[in-house]
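These are my notebook entries from one sitting with the model. I went from the whole chain to the metal site and then to single residues.

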Amino acid sequence: MAHDPLRPRPVDDALDSSRRFGESIEANYAGATSFLRRRYARSAEGADVAVWGVPLDTSVSNRPGTRFGPRAIRDASTIMCGDPAYPFGFDIFEALDVVDAGDCSLDYGRIDEAPKAIEAQAAEKLAGGAHLLTLGGDHFLTYPVLKALTAKLGRPVALVQFDAHQDTWDDDGSRIDHGTMITRAVRDGLILPERSIQIGIRTHAPADYGISLVDSLLAQELGPLATASRILGHVEDAPVYVSFDIDCLDPAFAPGTGTPVCGGVTSAFAISCLRRLGALNLKGFDIVEVSPPYDHAGITALAGATLAQVYLGLLAERKRAGKSIAP
Ligand SMILES: [Mn+2]
């Protein structure tokens, strides 16, 4: 997008709290790296969407490093600023007031307090009326975020989970574990198993709890369009939380993650499929398991930032169509 020479150029959009709407005109390579150059605001009061990071990586079963995920995703997102977001073709920030609310405050020496801290800080942002978009962090964070969201909604949600793993391993109700949080979410009644669906699975787990599954082989045989149709048909009009584990993508497209599994979908598949989900009653989104220490050339963080931007595009389209995006 060409800069209008008659319009004053802000020093840095992330730091200019007076600019609530509009695309950034900051140089891609410079400035403060808020997510997509949105203004920083610890309080999300009054904003349409609060993007925040949860730099937790202590519940992984294999490689750590996702505590650096939010920062890497923000950094990667700056290259995507300046032009209308593909494939939406309009400035999504003319429609949406999005703030970067910083990161969840966690004490690395008190890991047992992390679930409560994440839930309380998510609840605080939701209370201000903002739609929550969470940058992980390992996948455990979905559980406390779902607790806060379902408390706010007063009802459970359908889960649409893109992942190589079902995350349904057994749990006595107290584990802080990125492979068991779906078990906890089902047992706590946070999600509606009969309306939930997992996409891209290519590992075996002991239970499905009645959650529908389109494994990675089937998803690729169906293609992104038919996969999206299955999701839309299964979820129907239930309120939806979309959780995107970056390891849903093949390691060729997302090497920077803790538990990579060969045979995943491409980033193009994921973008196409997610882009078709705008008819869902969207209530929240996370992108998790981006682990920069294992990344190469930042491609995993870029994939994460792009998928989060596609989700924002869906919200912008919904808002433009007069549909509510409030949680
Ligand atoms: Mn996974």
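Entry 1, burial. I call a residue buried under 20% relative accessible area, exposed over 50%, and partly exposed in between, with a 1.4 Å probe and protein chains only. On that scale I find that buried residues make up 59% of the 327 residues in the chain.

Entry 2, ground rules. The model is predicted, so I take local features only at pLDDT of at least 70 and side-chain atom pairs only at pLDDT 80 or more, while totals for chains, interfaces and linings use all residues. Residues are numbered from 1 along each chain as its sequence is written, and side-chain values use heavy atoms, with hydrogens and water left out.

Entry 3, overall form. I looked up the secondary structure as DSSP runs, numbered from the N terminus: helices are H or I of at least four residues, and strands are E of at least two. The chain has eight helices and eight strands. Its radius of gyration is 18 Å, which agrees with the value near 20 Å that a compact globule of 327 residues would have. That radius is taken over C-alpha atoms, and the globule rule is 2.2 Å times the number of residues to the power 0.38. Along the principal axes, the C-alpha atoms fill a box of roughly 60 × 45 × 40 Å.

Entry 4, contacts and surface. I count a contact when heavy atoms are within 4.5 Å. Of the contacts in the chain with a separation of 6 or more, 75% are between residues 24 or more positions apart. For the surface I used the Shrake-Rupley method with a 1.4 Å probe; for residues, only the protein chains shown count as cover. The chain exposes about 12,800 Å², and carbon and sulfur atoms supply 53% of that area.

Entry 5, charge. I counted Lys and Arg as positive and Asp and Glu as negative, leaving out His and the chain ends. Each charge is placed at NZ of Lys, CZ of Arg, CG of Asp or CD of Glu. There are 31 positive and 42 negative side chains, and the centres of the two sets lie 5 Å apart.

Entry 6, the metal. Which protein atoms are donors of the manganese ion? I take as donors the N, O and S atoms within 2.8 Å of the metal (3.2 Å for Na, K and Ca); water is not among the atoms, so sites may look incomplete. The list reads D163 (OD), H165 (ND1), D245 (OD) and D247 (OD) twice, at 2.1 to 2.7 Å from the ion. Along the chain, the donors follow the spacing D-x1-H-x79-D-x1-D. I checked burial for two of these residues: D163 and H165 are both buried.

Entry 7, cis peptides. I noted a cis bond between Y86 and P87, with omega about 5°. P87 lies in the loop between α1 (69-77) and α2 (92-95), and P87 is partly exposed at 30% relative accessible area. R275 is 188 residues from P87 in sequence, but their C-alpha atoms are 8.4 Å apart. Another cis bond joins G136 and G137, with omega about 10°. G137 lies in the loop between β3 (131-136) and α4 (142-153).

Entry 8, positive phi. L36 is not a glycine, yet its phi is positive, about 50°. L36 belongs to the segment before β1 (49-54) and counts as buried at 1% relative accessibility. E236 also has a positive phi, near 55°. E236 lies in the loop between α6 (216-235) and β7 (239-245) and counts as partly exposed at 44% relative accessibility.

Entry 9, S59. Is S59, in the loop between β1 and α1, buried or exposed? I have S59 at 4% relative accessibility, so it counts as buried. Leaving out residues up to four places away in sequence, S59 touches D138, F140, I176, D177 and H178. A268 is 209 residues from S59 along the chain, and their C-alpha atoms are separated by 29 Å.

Entry 10, G313. I placed G313 in helix α8 (residues 299-320), and at 0% relative accessibility G313 counts as buried. Beyond its neighbours within four places in sequence, G313 is in contact with F88 and I92. From G313 to N62 the C-alpha distance is 33 Å, across 251 residues of sequence.
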